[in-house]
Amino acid sequence: MLGNPNADNPFATSDPFGPSRAGPVADDFDNVDFGNNNHQNASGLYSGPDSTEGFVPAVAPKKAKANRTTKDLEKREKELDKREKALAAREAKLATSGRGAAGGTDISRKNWPRCRPTVRHHIGEDVPPNRQRLVRLGYFAWLLMFVGFCWNWIVVLIMFCATHKKLSDWLFASLICGFGLPLSFFLWYFNLYKGAIRDSSFRWWWYFLWAALQPILCGWIAIAPPVVGNWCAGGFTMINQFRDGHGAGYTFGIFCAINLAIWALAGFCGVSATSLAMKTFRGTQQNLGGDVQMAAPARQIPYEV
């Protein structure tokens, strides 16, 4: 018969089938105080002696990179917002039609011509400084045309009174002078003036349309071909007057030579102004396209890191 297996154990109980109480069991360790209860954290787990003292958590590389990316995006967004505000302020300044380029100038006040103010015209106050040279060149070309219209009408009138020039020639010269002066200003030059101020594509293209006709008109009056009458005191008329050989012929020939020079110079200045206006217009379109491309990413910045 088998003996008690705990017979040789002095700490065993008399019950061979009962729980052994030879020493502290697992359940008793819960009640044992080891002197380290101060190291238990809020969850009741043992954290070890001085487990948190002097510990500096390290930032993960991915998290640090994400923080830098977020800061860069925020900085870029601020720069783009600043650029958009500057562009909006510039567009508002040019499109308000209430202030000039110098600032504080009411461009709705009419001041030209001085004898009877009809429109606002002040290049120094209304036009941006980088475009004043263009507008002044166009204005000089129009002034030459103004002088040419008036001089051509006077010469044709004198020749009509002093020679046997036809009445129809003087009437046609009067029509050209009467309609040419206002139409050349409002359809040709004034569109250049307004386009340089407001950057209006409509004004630019309207100016280019009439700018194509300006050198044709100047060349026609300067050459004065005898096709539609002799209403122009230009090159062919000058040759005919010098060919006569008398004193009045020489005088009228000199008048025609002056008229030819005026219209030739007006045509040259007009072509130069148109060429410079084309460069300005192309530069404006390129700058506008670049600004739009720079401002567009402000609404497409990815915030996911």
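**Helices, a pocket and a few unusual residues**

Mentor: Start with tyrosine 189: its relative accessible area is 0%, so this residue is buried. Keep in mind that the model is predicted.

Trainee: In which helix is the place of tyrosine 189?

Mentor: We have just called tyrosine 189 buried, at 0% relative accessible area. Its place is in helix H4.

Trainee: What distance separates the C-alpha atoms of tyrosine 189 and tryptophan 210?

Mentor: Along the chain, tyrosine 189 and tryptophan 210 are 21 residues apart. In space, their C-alpha atoms are separated by 9.0 Å.

Trainee: Step back to the whole chain. How many helices and strands does the chain have?

Mentor: Read the elements from the N terminus on, and they run α-α-α-α-α-α-α-α. Strands number zero, and helices number eight.

Trainee: What percentage of the residues of the chain count as buried?

Mentor: Buried means under 20% relative accessible area. The chain has 305 residues, and the share that counts as buried is 29%.

Trainee: Are H3 and H4 roughly parallel or roughly antiparallel to each other?

Mentor: Two numbers describe a packed pair of helices: the angle between the axes and the distance between them. For H3 and H4, the axes are 9 Å apart and the angle is about 175°. Angles over 145 degrees count as roughly antiparallel. H3 and H4 are therefore roughly antiparallel.

Trainee: How many residues of the contact of H3 with H4 are nonpolar?

Mentor: Take the other classes before the nonpolar one. The contact of H3 with H4 has one charged residue and five polar ones. Its nonpolar residues number 25.

Trainee: Now the second largest pocket. Which element gives the largest share of its lining?

Mentor: The second largest pocket has a volume of about 370 Å³. Of its 15 lining residues, those closest to the centre are Gly180, Leu183, Trp210, Leu213 and Leu217. Helix H3 (132-162), helix H4 (167-198) and helix H6 (214-223) are the elements that give two or more residues to this lining. The largest share, eight residues, comes from H4.

Trainee: How many residues of that pocket's lining are nonpolar, and how many are polar or charged?

Mentor: Count by class. The lining of the second largest pocket has no charged residues. Three of its residues are polar, and the nonpolar ones number 12.

Trainee: Back to H3. Which residue offers the backbone oxygen that the side chain of glutamine 132 reaches?

Mentor: The place of glutamine 132 is in helix H3. Its relative accessibility is 17%, so it counts as buried. At 3.4 Å, its side chain reaches the backbone oxygen of glycine 124.

Trainee: Arginine 120 next. Is it buried or exposed?

Mentor: Arginine 120 is found in the loop between H1 and H2. Its relative accessibility is 5%, and the limit for buried is under 20%. Arginine 120 therefore counts as buried.

Trainee: Which side chains does arginine 120 join through polar contacts?

Mentor: One polar contact, at 2.7 Å, joins it to the side chain of glutamate 125. Another, at 3.0 Å, joins arginine 120 to the side chain of aspartate 126. The partners are glutamate 125 and aspartate 126.

Trainee: Which peptide bond is cis, with omega near -10°?

Mentor: Most peptide bonds are trans. Look at proline 113, in the loop between helix H1 (61-95) and helix H2 (123-126). The cis bond runs from tryptophan 112 to proline 113.

Trainee: What is the phi of aspartate 199?

Mentor: Most residues other than glycine have a negative phi. Aspartate 199 is found in the loop between H4 and helix H5 (201-211). It is not a glycine, yet its phi is positive, about 55°.

Trainee: And what is the phi of alanine 224?

Mentor: Alanine 224 lies in the loop between H6 and helix H7 (235-244). It counts as buried, at 5% relative accessibility. Although alanine 224 is not a glycine, it has a positive phi of about 60°.

Trainee: How many Å apart in space are isoleucine 223 and glycine 234?

Mentor: Isoleucine 223 lies in helix H6. It is partly exposed, with a relative accessible area of 46%. Isoleucine 223 and glycine 234 are 11 residues apart in sequence, but C-alpha to C-alpha they are 5.1 Å apart.

How values were computed:
Residues numbered from 1 in each chain as written. Predicted model: local features only at pLDDT ≥ 70, side-chain atom pairs only at ≥ 80, totals over all residues. Heavy atoms only, no water. 1 Å grid on protein atoms, 1.4 Å probe; cavity = no way out; pocket = protein on both sides within 12 Å on 5 of 7 lines; lining within 4 Å. Points joined across faces, edges and corners; volume = space filled by probe spheres on them. Helix = DSSP H or I, 4+ residues; strand = E, 2+ residues; numbered from the N terminus. Nonpolar A, V, L, I, M, F, W, Y, C, P; charged D, E, K, R; others polar. Axes fitted to C-alpha atoms, helices over the stretch in contact; angles between N-to-C directions. Parallel < 35°, antiparallel > 145°, perpendicular 65-115°, else oblique. Buried < 20%, exposed > 50% of the residue type's maximum accessible area, 1.4 Å probe, protein only. Polar contact = N/O pair within 3.5 Å; in protein donor to acceptor, adjacent residues only side chain to side chain.
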